[in-house]
Amino acid sequence: MKLYYAPAACSLGPHIIVREAGLDVTLNKVTFGKERTTADGRNFYDINPQGAVPALELDNGEVLTEAQVLLQYLAAQAPEKKLAPTEGFDRWRLLETLNFIATELHKGTSPLFKKPSEEIATATKANLVNRYQLLEQKLGDKDYLVGQFSIADAYAFVVLNWARRFEIPVSPKLQAYFERIRARPAVQQTLQEEGLPTS
Ligand SMILES: N[C@@H](CCC(=O)N[C@@H](CS)C(=O)NCC(=O)O)C(=O)O
């Protein structure tokens, strides 16, 4: 399998899960410019017509996209690692949490990457402050969002990393949660592989 990624983009979540699960996946960096080119010299639009990372190319040539689907697919390749509960109510809680992160936090942050006007930036950030309060409520007093560490935490790590970049205030509890995930050996390895700060 090949994972198409860009440093610190939402592909960071699937990358973390590749390392947590110990999967045999080749990383292929996509350079975003006027054209989108992969590290092995291909036009990325030929792989994902949307031009967005992450994309996962399977050994049979199929290409999967959508971060929360890749997270689930990768976790399913190593069920013994229990990175995504598949039974009981935790399964539904996991899906709810993934969708919340995708639609409220991931897409809620997207406008900030597009050099918005001050008015849009202020409104986007105010909305995110509220959404991070909701994330904190979901975390409650637990170490991780759904029982033990799961794909939801890998995805939450990505958006919390963006919150830091755009100086969106998060509570001490969420900051400690972010640091707990960052300290995991697989996450440290992933950050190093993407050339990102590890502390
Ligand atoms: N719906 C896609 C969106 C992925 C996405 O937003 N990717 C961003 C990076 S985090 C990207 O590649 N943006 C470039 C673009 O869309 O032109 C998903 O959930 O995976």
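In this predicted model, E136 is in contact with S171, K173 and L174, its neighbours within four places in sequence being left aside. E136 itself sits in helix 5. Its C-alpha atom is 9.9 Å from that of P172, a residue 36 positions away in the sequence. With a relative accessibility of 24%, E136 counts as partly exposed, because the value falls between the limits of 20% and 50%.

One of the residues that E136 touches, L174, also takes part in a packing of two helices, that of helix 6 with helix 7. Helix 6 covers residues 151-165 and helix 7 covers residues 172-182; their axes are 10 Å apart and make an angle of about 120°. The two are therefore oblique to each other, since an angle of this size lies outside the range of 65 to 115 degrees for roughly perpendicular and is not over 145, as roughly antiparallel would require. The crossing of helix 6 and helix 7 is left-handed. On the side of helix 6 the contact is made by A152, D153, A156, F157, L160, N161 and R164, and on the side of helix 7 by L174, Y177, F178, I181 and R182. Sorted by class, the contact of helix 6 with helix 7 has eight nonpolar residues, three charged ones and one polar one.

A second packing brings together helix 1, residues 12-21, and helix 8, residues 185-193. Here the axes are 9 Å apart and the angle is about 125°. That angle makes helix 1 oblique to helix 8. The crossing of helix 1 and helix 8 is right-handed. Helix 1 contributes L12, H15, I16, R19 and E20 to the contact, while helix 8 contributes A186, V187, Q189, T190, L191 and E193. By class, the contact of helix 1 with helix 8 consists of five nonpolar, three polar and three charged residues.

Charged side chains also pair elsewhere: the structure holds eight salt bridges. Among them is the one between R131 and E104, with an N to O distance of 2.7 Å. This pair links distant parts of the chain, with R131 in helix 5 (residues 118-139) and E104 in helix 4, 27 residues apart. Helix 5 is also the place of E136. R131 has a relative accessibility of 21% and so counts as partly exposed. E104, at 26%, is likewise partly exposed.

Helix 4 (residues 88-109) holds another salt bridge within its own length, in which E96 and R93 meet at 2.8 Å, N to O. The two residues are three apart in this helix and are therefore separated by about one helical turn. E96 counts as partly exposed at 37% relative accessibility, and R93 counts as partly exposed at 36%.

A further salt bridge joins the side chains of R42 and E57, at 3.4 Å from N to O. It links distant parts of the chain: R42 is in the loop between strand 3 (36-38) and helix 2 (44-47), and E57 is in strand 4 (residues 55-57), 15 residues apart. R42 is partly exposed, at 32% relative accessibility. E57 is buried because its relative accessible area of 14% is below the cut-off of 20%.

The backbone has some features to note. Most residues other than glycine have a negative phi, and most peptide bonds are trans. A cis peptide bond joins V53 and P54, with omega about 0°. P54 is found in the loop between helix 2 and strand 4.

A8 is not a glycine, yet has a positive phi of about 70°. A8 lies in the loop between strand 1 (2-5) and helix 1. With a relative accessible area of 19%, A8 is buried. K82 is another residue other than glycine with a positive phi, near 50°. K82 lies in the loop between helix 3 (67-76) and helix 4. K82 is exposed, with a relative accessible area of 55%, because the limit for that class is over 50%.

Terms used
Residues numbered from 1 in each chain as written. Predicted model: local features only at pLDDT ≥ 70, side-chain atom pairs only at ≥ 80, totals over all residues. Heavy atoms only, no water. Axes fitted to C-alpha atoms, helices over the stretch in contact; angles between N-to-C directions. Helix = DSSP H or I, 4+ residues; strand = E, 2+ residues; numbered from the N terminus. Parallel < 35°, antiparallel > 145°, perpendicular 65-115°, else oblique. Left-handed = near helix turned anticlockwise from the far one by under 90°. Contact = heavy atoms within 4.5 Å. Nonpolar A, V, L, I, M, F, W, Y, C, P; charged D, E, K, R; others polar. Salt bridge = Lys/Arg side-chain N within 4 Å of Asp/Glu carboxyl O. Buried < 20%, exposed > 50% of the residue type's maximum accessible area, 1.4 Å probe, protein only.
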